Amino acid sequence: EYDDLAEGPVEGVLNLSHNTWKTLPPELDDFSKTLLHLDVSNNNLSAIPPSIGNLVLLKSLDVSRNQIDIIDGAIGKCIRLRKLNVAANRLECFPEEIGNCIMLEEIIANDNKLYTIPNKLENLIALSILDVRNNDLTSIPTKLCRVPTLNQLLCEGNTQLTSAPENMRCNSDLLLFCLEMQQKFIDILDPKRRQQQELQNNLYQLNASVQDARTQIDRLHEEIASLEWERPDQYIYWKGRFLKLMGYLWKKILELWDWVKVKFWRWWTGRQ
């Protein structure tokens, strides 16, 4: 296998398949200006490392039939990549950066453990083949129907897939049509949902404002009630009432005193 690596790319092609590589050899960086097609299929690779981002001229990458469970996001730097074959590995998801490889025409990812497809694939305007058969997908991004060049979307063998009826999954045209119908529905529904949520948020804010206003009204009512006694006209009115009452009581006290004096005088003179 080291002899294969020592020879380097031949007309841009380097075939390291059917060996026992467990990692991509760091020596690949030496071929970053000449390597166009790299085949490391049928090895024991467990990951596509960050160093893949150094191979910026790469047009095709075949890492099928390995044990890969992760692709580093650095693959997004391979902007000239046209074909990516990761079939028969252990991948559960693609990195979001895959959407930066805008020249990708083919993604072969059948027989993995994919449970999701990144929405960024809708950016791949040159994509013509997407093979995700025999994975664990439950849905497919509906916006894939808007990739103008996509004519083969293969997704049979995903038993939990809900994006399309089972009888449509083996027909790319029907599947894309189904996704297009769903996307049109989403395009209509999403603005209404956003409007509904916005109105709901406004309602919550209004309710909060109303509750706050009620609290302030109650507080002001209490303050007004406590200050009512301090109003000048009220003060004068109640002071007048008080003085009048005191005058009346004083008069009655004097009358009572005069009566007591008379009674006492009569009692006293009668005793003598």
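How far is the sulfur of Cys 78 from the closest cysteine sulfur, and in which residue does that closest sulfur sit? The gap is 6.1 Å and the partner is Cys 101, which is too far for a bond. Keep in mind that this is a predicted model. In outline, the protein chain carries three helices and seven strands, and buried residues account for 32% of its 272 residues.

**Overall layout**

- Reading from the N terminus, the elements of the protein chain go α-β-β-β-β-β-β-β-α-α.
- The seven strands make an open sheet, and their order in it is S1-S2-S3-S4-S5-S6-S7. The pairing is parallel.
- At the edges you'll find strand S1 (13–15) and strand S7 (152–154). Each has a single partner strand, so one side of each has no neighbour in the sheet.
- Going from one strand to the next, the twist averages 5°.

**Strands S4 and S5**

- Strand S4 covers residues 83–85 and strand S5 covers residues 106–108, and the two pair in the parallel sense over three bridges.
- One pairing to look up here is Leu 84, whose bridge partner in S5 is Ile 107.
- There's a side-chain link too: Lys 83 and Glu 106 form a salt bridge, with the closest N and O atoms 3.8 Å apart.
- Lys 83 belongs to strand S4 and Glu 106 to strand S5, so this pair ties together parts that are 23 residues apart in sequence.
- Both ends of that salt bridge are partly exposed: Glu 106 has 23% relative accessibility, and Lys 83 has 36%.

**Other salt bridges**

- How many salt bridges turn up in a search of the whole structure? The search finds four, and the Lys 83 pair with Glu 106 is one of them.
- Arg 133 and Asp 131 also meet through their side chains in a salt bridge, at 2.7 Å from N to O.
- The two partners sit on either side of the burial cut-off, which is under 20% relative accessible area. Asp 131 counts as buried at 3%, whereas Arg 133 counts as partly exposed at 31%.
- Lys 252 and Glu 255 form a salt bridge as well, their closest N and O atoms being 3.8 Å apart.
- That pair lies within helix H3, where Glu 255 and Lys 252 are three residues apart, about one turn of the helix.
- Glu 255 is partly exposed at 39% relative accessibility, and Lys 252 is partly exposed with a relative accessible area of 38%.

**Nonpolar patch on the surface**

- Which residues form a nonpolar patch on the surface? They are Phe 242, Leu 243, Leu 245, Met 246, Tyr 248, Leu 249, Trp 250, Ile 253 and Leu 254.
- Together these residues have about 920 Å² of accessible area.
- Take Met 246 as an example: this residue is in helix H3, which spans residues 232–271.
- Met 246 is partly exposed, with a relative accessible area of 39%. A residue needs over 30% relative accessible area to be in a patch, so Met 246 clears that cut-off.

**Cysteines**

- The disulfide count comes to zero.
- For a disulfide, the two sulfur atoms have to be within 2.5 Å. The Cys 78 sulfur is 6.1 Å from that of Cys 101, so there's no bond between them.
- Is Cys 78 buried or exposed? Cys 78 counts as buried, at 1% relative accessibility.
- Cys 155 counts as buried too, at 0% relative accessibility.

**Backbone spots to check**

- Arg 65 isn't a glycine, yet its phi is positive, at about 55°. You'll find Arg 65 in the loop between strand S3 (60–62) and S4.
- Ala 88 is another residue other than glycine with a positive phi, near 60°.
- Where is Ala 88 found? Ala 88 is in the loop between S4 and S5, and at 30% relative accessibility it counts as partly exposed.

Notes. Residues numbered from 1 in each chain as written. Predicted model: local features only at pLDDT ≥ 70, side-chain atom pairs only at ≥ 80, totals over all residues. Heavy atoms only, no water. Patch = residues over 30% accessible without salt bridge, like charges linked within 9 Å, V, L, I, M, F, W, Y side chains within 5 Å. Areas by Shrake-Rupley, 256 points an atom, 1.4 Å probe, with all protein chains shown as cover. Helix = DSSP H or I, 4+ residues; strand = E, 2+ residues; numbered from the N terminus. Buried < 20%, exposed > 50% of the residue type's maximum accessible area, 1.4 Å probe, protein only. Pairing = 2+ DSSP bridges. Axes fitted to C-alpha atoms, helices over the stretch in contact; angles between N-to-C directions.
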